[in-house]
Amino acid sequence: MSVFPPGTASLLEEVDKRLLVVLRDGRTLIGFLRSIDQFANLVLHRTIERIHVGQEYGDIPKGVYVIRGENVVLLGEVTQEKENNLPLKRVSIKEIKEAQQKEQESKQEHDKLLAKALKERGLNYIPDLSHDDMF
């Protein structure tokens, strides 16, 4: 009898493969799966955080990354072929961070306008929290 729950046991086949992991807070990490435990906690090696804004993306190196299993929303293998066929444009870390900041500011402005319009109609608006506000 295995000490791993059925879903976790299937992840053992993914050890040493390059995986994309989407976290509960919306971040996307890509790295080599090096270890997993019975709680689906993951250890990724040579990890990058990939930030998407529109049709652009940037990769921020993170190194070794430990992820609690409860924070994993989605994971899947990333092959070199899939990487080469991305319909997105890769940009520098500085450019993607600037684009991400502009996107966040735009969303905050939109949320303010929406809250104001709803308040005028007697409704309260609670904006969707970004991952920066979650922890």
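The following legends describe close-up views of a predicted model.

**Figure 1. Overall composition of the chain.** The chain of this predicted model contains four helices and six strands. In sequence order these elements follow the pattern α-β-β-β-β-β-α-β-α-α. Of the 135 residues in the chain, 28% are buried. The exposed surface of the chain amounts to about 9300 Å², with 53% of it supplied by carbon and sulfur atoms. Among contacts between residues at least 6 apart in sequence, 50% join residues at least 24 apart.

**Figure 2. The six-stranded sheet and its edges.** The strands are arranged in an open sheet in the order β5-β1-β2-β3-β4-β6, and the pairing is mixed. Strands β5 (72-77) and β6 (89-90) occupy the edges; each has a single partner strand, so one side of each lacks a neighbour in the sheet. At the β5 edge, strand β1 (residues 18-23) runs antiparallel to β5, and five bridges join the two. Within this pairing, Leu 20 is placed opposite Gly 76 of β5.

**Figure 3. The hairpin of β2 and β3.** Strands β2 and β3 run antiparallel and are joined by seven bridges. Thr 28 has Arg 50 in β3 as its bridge partner. Five residues separate the two strands of this hairpin, and Ala 40 in the turn adopts a positive phi of about 65°.

**Figure 4. The hairpin of β3 and β4.** Ten bridges connect β3 and β4, which pair in the antiparallel sense. Leu 42 is matched with Ile 67 in β4 as its bridge partner. The turn of this hairpin has two residues between the strands, and Gly 54 within the turn has a positive phi of about 60°.

**Figure 5. The largest nonpolar core.** In soluble globular proteins, nonpolar side chains tend to be buried together. The largest nonpolar core here has eleven residues: Leu 11, Leu 19, Val 21, Leu 23, Leu 29, Leu 33, Ile 36, Leu 42, Leu 44, Tyr 65 and Ile 67. Strands β1, β2, β3 and β4 each contribute at least two residues to this core. A second, separate core comprises six residues, including Ile 51, Ile 60, Val 91 and Ala 99.

**Figure 6. Surroundings of Val 21.** Val 21 is one of the residues of the largest nonpolar core. When its neighbours within four places in sequence are set aside, Val 21 contacts Arg 27, Thr 28, Leu 29, Leu 42, Leu 44, Ile 67, Val 72, Leu 74 and Leu 75. Among these contacts, Leu 29, Leu 42, Leu 44 and Ile 67 are also listed in the core.

**Figure 7. The salt bridge of Arg 34 and Asp 16.** Side chains of opposite charge can pair when their charged atoms come close. Arg 34 and Asp 16 form a salt bridge in which the closest N and O atoms are 2.8 Å apart. This pair links distant parts of the chain, with Arg 34 in strand β2 (residues 28-36) and Asp 16 in the loop between α1 (6-9) and β1, 18 residues apart. Arg 34 is partly exposed, its relative accessible area being 36%.

**Figure 8. The salt bridge of Glu 49 and Lys 62.** The closest N and O atoms of the salt bridge between Glu 49 and Lys 62 are 3.4 Å apart. Glu 49 belongs to strand β3 (residues 42-53) and Lys 62 to strand β4 (residues 56-67), and the pair links distant parts of the chain, 13 residues apart. Glu 49 has 10% relative accessibility and therefore counts as buried, whereas Lys 62 is partly exposed with a relative accessible area of 36%.

**Figure 9. Arg 90, Asp 59 and the salt-bridge network.** Arg 90 forms a salt bridge with Asp 59, and their closest N and O atoms are 3.5 Å apart. Because Arg 90 lies in strand β6 and Asp 59 in strand β4, this pair ties together parts that are 31 residues apart in sequence. Arg 90 counts as exposed at 54% relative accessibility, while Asp 59 counts as buried at 10%. Salt bridges with shared partners join Arg 18, Arg 50, Asp 59, Glu 83 and Arg 90 into one network. The whole structure contains ten salt bridges.

**Figure 10. The annotated segment 89-116.** An unreviewed UniProt entry annotates residues 89-116 as "coiled-coil region". In the predicted model, the chain over residues 89-116 is 86% helix and 7% strand. The end C-alpha atoms of this segment are 36 Å apart.

Technical notes. Residues numbered from 1 in each chain as written. Predicted model: local features only at pLDDT ≥ 70, side-chain atom pairs only at ≥ 80, totals over all residues. Heavy atoms only, no water. Pairing = 2+ DSSP bridges. Salt bridge = Lys/Arg side-chain N within 4 Å of Asp/Glu carboxyl O. Buried < 20%, exposed > 50% of the residue type's maximum accessible area, 1.4 Å probe, protein only. UniProt positions renumbered as here; feature names shortened; annotations may be inferred. Core = buried A, V, L, I, M, F, W, Y, C linked by side-chain atoms within 4.5 Å. Contact = heavy atoms within 4.5 Å. Areas by Shrake-Rupley, 256 points an atom, 1.4 Å probe, with all protein chains shown as cover.
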